[in-house]
Amino acid sequence: MDPEKKQRMLEKIEQRAAERKKMRKIFLIITGILFAIVLGLGIYAYIFVTSALEPVDETSEEIVKIEVPLGSGVTTIANILQENGLVQNAKVFKYYAKFKNESQFQAGEYELMKSMTLDELIESLKTGTVYREPVFTVTYNEGWTLEQIAVRVEEKTTHTAAAFLAKVNDPSYIQELAAKFPTLINPEEMLAENVKYPLEGYLYPATYPYFEENPPLTLIIEQMIEETNKYVVQYQDAIAANKWINTPHKFLTFSSLLEKEATGTTDRATIASVFFNRLAEPMPLQTDPTVLYALGEHKDRVLYKDLEVQDPYNTYQNAGLPPGPIATAGATSFEAALSPSKTSYLYFLADKDGKNHFAETYAEHQANVAKYINTQYN
């Protein structure tokens, strides 16, 4: 072979070898880059999914209300949860539920928390209840005053009764609550000169769960206000349409009178009719619980001299409703206030067994007094 031709051939072979080496290097570089990208995406995906499986806020005690419409599938529910800040990512919740073969969710209204795990959310949506064990619960009874609630708070939590009463009487706190509950809280009425306690009657009586050992005082108070707010929002049109109790403050005041006077569920609507009939006459309400509230003490029997106490809450001495509620009222009293019986009664009394006796005229009422009251104490 021609030496020159052979030389050119050798040079081409060396050139191709160099190109192949270069290509291998480029391939290794590209492969390394792709591997790094895939690894990075894998790590990112792992972190993303792991994070999305965690509660949104493990320390949050905020109650988030959602509604799951009838016929909602897991995709719809996942989107509702994400829109309300209850899960990190709707798709992760959706695939997690499918992975666990969970699909039988119930429609309805739920009160959930951002601190709930995906399993707790799924269990709640399956059973129709909030699936979370509280650290402890506290019951506040119907008909209790703020002072009685304060004692229970001191008994069951780390807060003192004095601290509780200071908080519920703080005008600046009432203003804060007005921003949170604009339908319910009206500082102008609640902070009026003669109102004893601004939040008297505003803390709904019920059993409340607490999910931490030392719940903040504001959480304890606002949980109860939130429950009252739910009723007021529900009834706001009916409240506004009633000339005698056309504000939430008056509505709660009237309801508290029913709560303290009624000895049985069935009498509340009839007692409400008596009060409305008296307001329409007009006549003073003359209800004994307002006298006891004015005196600041409990008595088994209100004496005639007690009726003379000079206090804005004494409905024997003052016309119309007292300045504010005298106790907490429950749903039964709320409903009776807005749906009273249709009667002509202007008087009633309770006998020694707690049974109420109603009368249309003063003469009839005096006969009831002689029959059911005077014989009891003579």
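**Figure 1. A salt bridge within helix H4 joins Glu123 and Lys126.** In this predicted model, Glu123 and Lys126 both belong to helix H4 (residues 118–127), and because they are 3 residues apart they are separated by about one helical turn. An α-helix has 3.6 residues a turn, so residues three or four places apart point the same way. The closest N and O atoms of the Glu123–Lys126 salt bridge are 4.0 Å apart. Glu123 has a relative accessible area of 24% and is therefore partly exposed; Lys126, at 27%, is likewise classed as partly exposed. Through salt bridges with shared partners, Glu102, Glu123 and Lys126 are joined into one network.

**Figure 2. A salt bridge connects helix H9 with strand E1.** The structure holds 9 salt bridges, one of which is formed by Glu226 and Lys65, with their closest N and O atoms 2.5 Å apart. Glu226 lies in helix H9 and Lys65 in strand E1 (residues 63–68), so that the pair links distant parts of the chain, 161 residues apart. Glu226 is partly exposed, its relative accessible area being 23%. Lys65 also counts as partly exposed, at 38% relative accessibility.

**Figure 3. Glu259 and Arg268 form a buried salt bridge.** The closest N and O atoms of this pair are 2.8 Å apart. Both residues, Glu259 and Arg268, are buried.

**Figure 4. Phe254 and Phe275 form an edge-to-face aromatic pair.** Among the 15 aromatic pairs of the structure, this one has ring centres 5.9 Å apart and ring planes at 85°; the pair is therefore edge-to-face, since planes over 60 degrees apart are assigned to that class. The pair links distant parts of the chain, with Phe254 in helix H10 (residues 248–261) and Phe275 in helix H11 (residues 268–280), 21 residues apart. Phe254 counts as buried, at 0% relative accessibility. Phe275 is buried as well, with a relative accessible area of 1%. Phe254 and Phe275 belong to one aromatic cluster together with Phe276, Tyr345, Phe348 and Phe358.

**Figure 5. Thr253 occupies a buried position in helix H10.** The relative accessibility of Thr253 is 1%, and the residue therefore counts as buried. When neighbours within four places in sequence are left aside, Thr253 is in contact with Leu321, Pro322, Gly324 and Pro325.

**Figure 6. The buried residues of helix H13 pack against three helices, H9, H10 and H11.** Helix H13 spans residues 331–338. Its buried residues are Ala331, Ser333, Phe334, Ala336 and Ala337.

**Figure 7. Phe164 is among the residues with the most contacts inside the largest nonpolar core.** This core has 63 residues, and Tyr140, Ile185 and Leu199 are listed with Phe164 as having the most contacts inside it. Helix H9 (residues 217–241) supplies the largest share of the core, 9 residues. Residues up to four places away in sequence not being counted, Phe164 touches Leu146, Ile149, Ala150, Val153, Leu203, Leu217 and Ile221. Another core, of 23 residues, lies apart from the largest one and includes Val64, Leu86, Ile122 and Phe211. In soluble globular proteins, nonpolar side chains tend to be buried together.

**Figure 8. Two lysine residues lie over the faces of tyrosine rings.** Lys167 is placed over the face of Tyr173, at 4.5 Å from the ring centre. Lys196 is placed over the face of Tyr293, at 4.9 Å from the ring centre.

**Figure 9. The protein chain contains 14 helices and 6 strands.** This legend places the close-up views in the context of the whole chain. Of its 378 residues, 42% count as buried. Among contacts with a separation of 6 or more, 61% are accounted for by residues 24 or more positions apart. The accessible surface of the protein chain comes to about 21100 Å², and 52% of that surface belongs to carbon and sulfur atoms.

Note on methods
Residues are numbered from 1 along each chain as its sequence is written. This is a predicted model: local features need pLDDT of at least 70, side-chain atom pairs count only at pLDDT 80 or more; totals for chains, interfaces and linings use all residues. Side-chain values use heavy atoms; hydrogens and water are left out. Helices (H or I, at least four residues) and strands (E, at least two) are DSSP runs, numbered from the N terminus. Buried means under 20% relative accessible area, exposed over 50%, partly exposed in between (1.4 Å probe, protein chains only). Contact means heavy atoms within 4.5 Å. Accessible areas come from the Shrake-Rupley method with a 1.4 Å probe; for residues, only the protein chains shown count as cover. A nonpolar core is a set of buried Ala, Val, Leu, Ile, Met, Phe, Trp, Tyr and Cys residues joined through side-chain atoms within 4.5 Å. Rings of Phe, Tyr and Trp (its six-membered ring) pair if their centres lie within 6.5 Å; planes under 30 degrees apart count as stacked, over 60 as edge-to-face and the rest as tilted. A charge sits over a ring if NZ of Lys or CZ of Arg is within 6 Å of the ring centre and within 35 degrees of the ring normal. A salt bridge is a side-chain nitrogen of Lys or Arg within 4 Å of a carboxyl oxygen of Asp or Glu.
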